[in-house]
Amino acid sequence: MNAARLSGEGATFGALFPGQLSEKAGMGEALARRYGFISSLFEDISLHSGVPLAEVFFGDGSPSLHDDRPAQVGVFAASLAALEVLRREHGLVPDGVCGYSLGTYAAFVAAGCLSVEDALDVLLEAERLLSDGKRAGDFEGTMGFVIGLGRADVEAALAGVCPDTSRLSIATENASAQFVLTGETELVEEAVELLRPRALKAEMLPIGFPMHSRSLSSVCDGLQNFLEGGVTLEQPRTALFAPMLGRRVESAEDAAHVLSKQISRPSLFGPTLQAMSAFGIHRYAEVGPGDVLTRLVRWTLRDAIVARPALERPEDVAIFAATVAPAPGPRPVGAV
């Protein structure tokens with residue numbers, strides 16, 4: 001695989017990279033059909049990961065597209081595809097980047113911390129460690145979500161179900177009144193049932209791991225060993241924001257800490273969006289499939305400008321590019 005980093009010149013937007021559950025049939029297909037460099041990127045990632053992206057995702061998709069490894073590799077690939085079309089076709093790279101859980105790997109590539117190949121290697125190692133640990137019985141669990149209640153109310157309810165935060169806790173603060181729960185399956189189910197009558201919405205998520213829970217510390221130990229075994233992380237060249245920290249990543253050491261530990265630490269996505277806004281970023285694009293993060297931006301940053309529609313087709317990327325200060329050179333096809 002060509003391990004060169006994706007980079008370019010100029011930009012006036014923040015790139016947000018989605019996580020697992022954003023996968024869907026057809027993602028990346030329109031970009032791969034239009035651009036040979038995207039088709040080549042998908043072929044390289046398919047060979048390196050063992051996930052045949054075109055077979056799994058194009059057309060109506062395969063029944064396996066929601067399995068952990070295909071879903072994770074597919075979202076990663078589709079995110080990098082949109083990023084690369086922005087750069088090559090429109091001369092645009094972001095001022096700041098942030099990944100939502102799985103989206104961390106694409107964000108690290110976009111920031112210049114990791115090569116495509118190294119980011120994919122870390123993603124695959126994380127998936128292997130999670131799968132092996134689950135099979136070995138080192139941990140078990142799932143996730144749920146609640147909308148419409150504040151942190152204090154949610155934390156009080158969780159403590160009432162189980163005061164041990166290694167068994168049940170808030171995984172992600174998506175916004176001030178939107179939280180993802182994580183922990184042992186029975187406890188998460190009990191918490192969701194308890195919160196449902198008081199919340200706007202409270203439901204389980206189809207996730208087979210207690211992500212962003214301290215119960216996954218052994219996975220993070222394995223990831224740290226993997227990184228120390230030869231993965232090179234560099235100082236971010238583009239402002240990189242990490243929900244694990246709720247702020248900007250300041251150094252290569254900071255980046256390594258996030259990459260090795262974020263699976264077992266709570267994620268502060270809403271506060272991180274606020275940090276990006278304070279940095280001066282007011283225009284955003286969800287660079288990858290779906291619009292989950294687009295909706296979270298609208299929930300958290302009321303005055304932000306967000307790309308619509310999602311950057312999934314060449315014409316949609318061109319529409320977004322036309323709203324950003326144009327780079328020198330030919331006017332993009334389809335720009336308005």
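These are numbered notes on selected helices and residues of a predicted model.

1. Helix α2. This helix covers residues 36–49, which makes 14 residues. From first C-alpha to last, α2 reaches 20 Å, close to the 20 Å expected at 1.5 Å a residue. Just after α2 comes Gly50, with a positive phi of about 80°.

2. The buried side of α2. Which residues of α2 are buried? They are Phe37, Ile38, Leu41, Phe42, Ile45, Ser46 and Ser49. An α-helix has 3.6 residues a turn, so residues three or four places apart point the same way. The buried residues of α2 pack against four helices: α1 (29–34), α3 (53–57), α4 (68–90) and α6 (116–136).

3. Ser79. This serine sits in helix α4. Its relative accessible area is 1%. Ser79 therefore counts as buried, the cut-off being under 20%. Beyond residues up to four places away in sequence, Ser79 touches Phe17, Pro18, Ala106, Val287, Gly288 and Pro289.

4. His212, position. Look in the loop between β6 (201–205) and α9 (217–228) to find His212. Is His212 buried or exposed? His212 is buried, because its relative accessible area is 5%, and under 20% counts as buried.

5. His212, polar contacts. The side chain of His212 reaches two backbone oxygens. One belongs to Gln262, at 2.9 Å. The other belongs to Arg265, and lies 3.0 Å from a polar atom of the His212 side chain.

6. His212, surroundings. Residues up to four places away in sequence are not counted here. The run Gln262, Ile263, Ser264, Arg265, Pro266 and Ser267 touches His212. Ser101, Ala171, Thr172 and Thr182 touch His212 as well.

7. Helices α9 and α10. Helix α10 spans residues 252–261. The axes of α9 and α10 come within 8 Å and cross at roughly 135°. The two helices are therefore oblique to each other. On the α9 side, the contact uses Cys220, Asp221, Leu223, Gln224 and Leu227. On the α10 side, it uses Ala256, Leu259, Ser260 and Lys261. By type, the contact of α9 with α10 has five nonpolar, two polar and two charged residues.

8. Helices α11 and α12. Helix α11 runs over residues 269–279 and helix α12 over residues 292–300. How are α11 and α12 oriented to each other? They pack at an angle of about 70°, with axes 10 Å apart, and are therefore roughly perpendicular. Phe269, Gly270, Leu273 and Gln274 of α11 meet Leu293, Leu296, Val297 and Thr300 of α12. The contact of α11 with α12 holds five nonpolar residues, three polar and no charged.

9. Glu203, exposure and position. Glu203 is in strand β6. At 32% relative accessible area, Glu203 is partly exposed. Glu189 lies 14 residues from Glu203 in sequence. In space the two are 8.6 Å apart, C-alpha to C-alpha.

10. Glu203, partners. Which side chain makes a polar contact with the side chain of Glu203? It is that of Arg196, at 3.4 Å. Arg196 is also one of the residues in contact with Glu203 once neighbours within four places in sequence are left aside. The others are Gly144, Phe145 and Val192.

Key
Residues are numbered from 1 along each chain as its sequence is written. Side-chain values use heavy atoms; hydrogens and water are left out. Axes are lines fitted to C-alpha atoms, for helices over the stretch in contact, and angles run from 0 to 180 degrees between N-to-C directions. Angles under 35 degrees count as roughly parallel, over 145 as roughly antiparallel, 65 to 115 as roughly perpendicular and the rest as oblique. Contact means heavy atoms within 4.5 Å. Ala, Val, Leu, Ile, Met, Phe, Trp, Tyr, Cys and Pro count as nonpolar, Asp, Glu, Lys and Arg as charged, and the others, Gly among them, as polar. The expected span of a helix is 1.5 Å times one less than its number of residues. Buried means under 20% relative accessible area, exposed over 50%, partly exposed in between (1.4 Å probe, protein chains only). A polar contact is a pair of N or O atoms within 3.5 Å; within protein, one must be able to donate a hydrogen and the other to accept it, and residues adjacent in sequence count only if both atoms are side-chain atoms.
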